[in-house]
Amino acid sequence: MVGWSAQPQEWVDGFLFVGNHLALDFLNTKPILESTPTELLTNAAALEQWLVSSGTVTSQKQKVLMRAWRGSRRGEAFVRKLVAFRERLRAAVLRLEAGSLPADAFLAEIDKLLKEHPQRTSLRREDSNVVRSVYFEPREPEDVWAPIVAAVAELLSEVEPSRIRKCESGSCVLHFYDTSKKGSRRWCSMNICGNRLKVAAYQRRRRLL
Ligand SMILES: [Zn+2]
């Protein structure tokens with residue numbers, strides 16, 4: 001299970017987790033809040049928080065490692081790079097949703113990043129089971145590429161594209177992986193957009209009566 005967000009809540013520490021997939025939760029870090037596109041990955045500290053909130057960083061050791069690059073120029077430069085990458089991911093996801101493949105240049109970029117920042121794997125015994133798990137060590141900001149590109153690669157190669165969709169609300173820019181049985185999920189979240197649209201439809205119907 002690579003790249004899945006473990007958090008069932010929609011909002012965690014000021015970040016949205018409605019994507020059902022780490023790559024889409026990452027894409028959803030620039031939502032529209034109060035009619036304004038709002039950047040949530042504003043700096044290295046925000047990225048650090050997102051990595052914890054998304055369940056990407058879980059151990060104390062990882063947190064200590066990240067603290068070492070907190071506020072560094074390299075950390076801040078990396079966040080800007082990552083945000084620019086997120087916008088190229090947005091273009092790729094929009095293409096998928098429109099029935100096309102991502103641009104070759106973007107696939108080549110992912111391929112290069114996967115080779116430069118492979119995921120680390122560990123093996124241990126847990127009671128009577130042998131457990132293999134992936135982990136990463138954020139010794140330097142660039143190490144964050146590993147979990148991000150692994151999740152993006154998985155999204156692009158293993159998820160049925162018709163199950164990747166944008167929220168139907170015209171004023172919402174959130175994307176999600178529809179894992180519902182019927183594949184009929186329409187909104188990023190019932191609380192955020194679903195109810196609002198239902199109320200609007202109800203009011204429209206009432207006006208027509
Ligand atoms: Zn929405």
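This is a short tour of a predicted model, with selections to make in order and a note on what each one shows.

**Stop 1: the zinc ion**

Begin by selecting the zinc ion together with Cys167, Cys172, Cys188 and Cys193, whose SG atoms coordinate the metal at 2.3 to 2.4 Å. Look at the angles among the 4 donor atoms: they run from 105 to 116°, and the site is tetrahedral. As background, the ideal angle for four tetrahedral donors is 109.5 degrees. Along the chain, the donors of the zinc ion are spaced as C-x4-C-x15-C-x4-C.

Now colour by accessibility and return to two of these cysteines. Is Cys188 buried or exposed? Cys188 has a relative accessible area of 3%, and since buried means under 20%, Cys188 is buried. Cys193, at 1%, is buried as well.

**Stop 2: Arg185 and Phe176**

Select Arg185 and Phe176. The charged end of Arg185 sits over the ring of Phe176, and the distance to the ring centre is 4.0 Å.

**Stop 3: helix α2**

Go to residues 44–53, which make up helix α2. How many of the 10 residues of α2 are buried? The count is 7, so the helix is mostly covered. To see them, select Ala44, Ala46, Leu47, Glu48, Trp50, Leu51 and Ser53.

Keep that selection and show what surrounds it. The buried residues of α2 pack against two strands, β1 (11–12) and β2 (15–16), and against the helices α1 (22–27), α3 (60–67), α4 (73–97) and α6 (145–158).

Then inspect both ends of the helix. At the start of α2, select Asn43 and Ala45: a side-chain oxygen of Asn43 comes to within 3.2 Å of the backbone nitrogen of Ala45. Just after α2, select Gly55, which has a positive phi of about 80°.

**Stop 4: aromatic rings**

Next, show the aromatic side chains. The model has 6 aromatic pairs. One of them joins Phe26 and Trp50, with 5.9 Å between the ring centres and 55° between the planes, a tilted arrangement. Phe26 belongs to helix α1 and Trp50 to helix α2, so this pair ties together parts that are 24 residues apart in sequence. Both residues, Phe26 and Trp50, are buried.

Move on to Phe85 and Trp145. Their rings form an edge-to-face pair, 5.1 Å centre to centre and with 85° between the planes. What does this pair tie together? Phe85 lies in helix α4 and Trp145 in helix α6, so the pair links parts 60 residues apart in sequence. Phe85 and Trp145 are also buried.

To see these rings in a wider setting, select Phe17, Phe26, Trp50, Phe78, Phe85, Phe106 and Trp145, which form one aromatic cluster.

**Stop 5: two loops**

Finish with two residues in loops. Select Asn20, in the loop between β2 and α1. Asn20 is not a glycine, yet its phi is positive, at about 70°. With a relative accessible area of 30%, Asn20 is partly exposed.

The last selection is Glu34, in the loop between β3 (32–33) and β4 (36–37). Glu34 is another residue other than glycine with a positive phi, here near 50°. Is Glu34 buried or exposed? Its relative accessible area is 80%, and because exposed means over 50%, Glu34 is exposed.

Technical notes
Residues are numbered from 1 along each chain as its sequence is written. Side-chain values use heavy atoms; hydrogens and water are left out. Donors are N, O and S atoms within 2.8 Å of the metal (3.2 Å for Na, K and Ca); water is not among the atoms, so sites may look incomplete. Four donors count as tetrahedral if all angles lie between 85 and 135 degrees; four count as square planar and six as octahedral if opposite donors are over 155 degrees apart and all others between 65 and 115; anything else is irregular. Buried means under 20% relative accessible area, exposed over 50%, partly exposed in between (1.4 Å probe, protein chains only). Helices (H or I, at least four residues) and strands (E, at least two) are DSSP runs, numbered from the N terminus. Contact means heavy atoms within 4.5 Å. A polar contact is a pair of N or O atoms within 3.5 Å; within protein, one must be able to donate a hydrogen and the other to accept it, and residues adjacent in sequence count only if both atoms are side-chain atoms. Rings of Phe, Tyr and Trp (its six-membered ring) pair if their centres lie within 6.5 Å; planes under 30 degrees apart count as stacked, over 60 as edge-to-face and the rest as tilted. A charge sits over a ring if NZ of Lys or CZ of Arg is within 6 Å of the ring centre and within 35 degrees of the ring normal.
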